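User: Could you take a close look at one small part of this structure and walk me through it step by step? I am a first-year student, so please explain each point with care.

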Amino acid sequence: MSHDADVLVLGGGVIGLACAHYLLAEGRSVRVLEAGKVGGGSSWGNCGTLTPSHAAPLAAPGMVAQGLRWMLRPDAPLYIKPRWDPALMRWLARAAGRCNARDWRASGLAKGALLKYSRALVEDLVYGQDLDCGFEASGLHYVFRSARALERQQRELPLLAELGVAARVLDAAALAADEPALKPGLAGAIHFPGDAQLRPDRYTAELARIVREAGGVIEEGVGVLGFERGRNGIEAVQTSEGKRSGARVLLAMGAWSAGFADNLGLSIPVQPGKGYSITYDRPATVPRRPLVLKERSVCVTTWADGFRLGSTMEFSGFDDSLNPRRLGALERGAAEYLLEPAGPARREQWCGWRPMMHDDLPLLGRAPGYNNLFLATGHGMMGMGMSAGTGRLLADLMTGRATAIDPAPYSPARLAG
């Protein structure tokens, strides 16, 4: 059978583009289908951090009680919109069941391995492919107002040390000397020298550029409508622009993956976790590196021509409204830590959906019950940070190469367990 490409990639976000790049490098022809503009979904408005430091899973001991307290506050870092949603209830129950030390450690080791692997590959991509994306290997600070919170956060450091992620605790004086953009009187910070940052919009644009230069085809404005199944799996994909086919199909549609997988008889427990960001003109006084303002769960990144506050997690389905209370929480949180918590002018207020898995690990590999369908979804808040590692791992799995890290923890086969 004649195909449009060796691999048909469904989704032109950072994950789909990274997979396309590494498949092309292995000599496979690739066609990427994107319903909107490449990089226009959750790849657009995030804070662009590359963070092996974020290996610890969200489902941690004590998180259930914390989450219940947060549910009473619509501007809390985690908010669940009250509604009848059986799929979300099942997802929350599975996530709650993992809030124990054993599962936390197992997910953390696997998550950290992929983040660390990908962090190195992104830097290789930036310099090897000359990507103009504002990459800076500047490290990152977790910043704390409370000495108690700083001490509690240090419980994660043994897990990070096991992964080879370096960390250094800064007391109040050391933090004040290191970061003049912060208000006086903060308790301290944890510095992660191996973390980095980039401009997410430019990174995805540059990935699209090198995919096209390598002979890959990217079709924008092409929506997936359905699938034609045959003996060998998916024989064709029905789109808004006609049929497309590939010898293999890679589903990399982020938070929308679950809905499309349903049409294939696959149950993928991915929930849309809504995040927010505000982008400003650059203030006069900005942090020297990315910051996570821990008690308020606000991420701060600065670029040569801009400044962004981001984060929060909201489970409200695919509600695309901008909640002013949650946007305001970003600014109020930043004002507790920063001398200049906002820039002189707002450029953009944004929301997008992260593909959240209950175990905080992506689904990478062959889909259960299919010969030619592969999954690359469920990256949660770590899509940028896991992008290159995901692309390399999927390309290795699809071409039969040995993988640099163990793919088993991310295998879709675990869905049957």
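Analyst: In this predicted model, a good place to begin is the side chain of Asp178, which makes a polar contact with the side chain of Arg289 at 2.6 Å. Asp178 itself is found in helix H7, which covers residues 172-178. When the neighbours within four places in sequence are set aside, Asp178 is in contact with His141, Arg288 and Arg289, and Arg289 is thus a residue that appears both in this list and in the polar contact just described. Is Asp178 buried or exposed? Asp178 counts as buried, because its relative accessibility is 18% and the word buried applies to values under 20%.

From here we can turn to another part of the chain, strand E17, which spans residues 306-315 and holds Ser311. Thr312 also has its place in strand E17. What is the sign of phi at Ser311? Phi of Ser311 is positive, at about 125°, although this residue is not a glycine. Thr312, likewise a residue other than glycine, has a positive phi near 75°. These values deserve a second look because most residues other than glycine have a negative phi. As for their surroundings, Ser311 is buried, with a relative accessible area of 16%, and Thr312 is buried too, with a relative accessible area of 7%.

Technical notes
Residues are numbered from 1 along each chain as its sequence is written. This is a predicted model: local features need pLDDT of at least 70, side-chain atom pairs count only at pLDDT 80 or more; totals for chains, interfaces and linings use all residues. Side-chain values use heavy atoms; hydrogens and water are left out. Helices (H or I, at least four residues) and strands (E, at least two) are DSSP runs, numbered from the N terminus. Buried means under 20% relative accessible area, exposed over 50%, partly exposed in between (1.4 Å probe, protein chains only). A polar contact is a pair of N or O atoms within 3.5 Å; within protein, one must be able to donate a hydrogen and the other to accept it, and residues adjacent in sequence count only if both atoms are side-chain atoms. Contact means heavy atoms within 4.5 Å.
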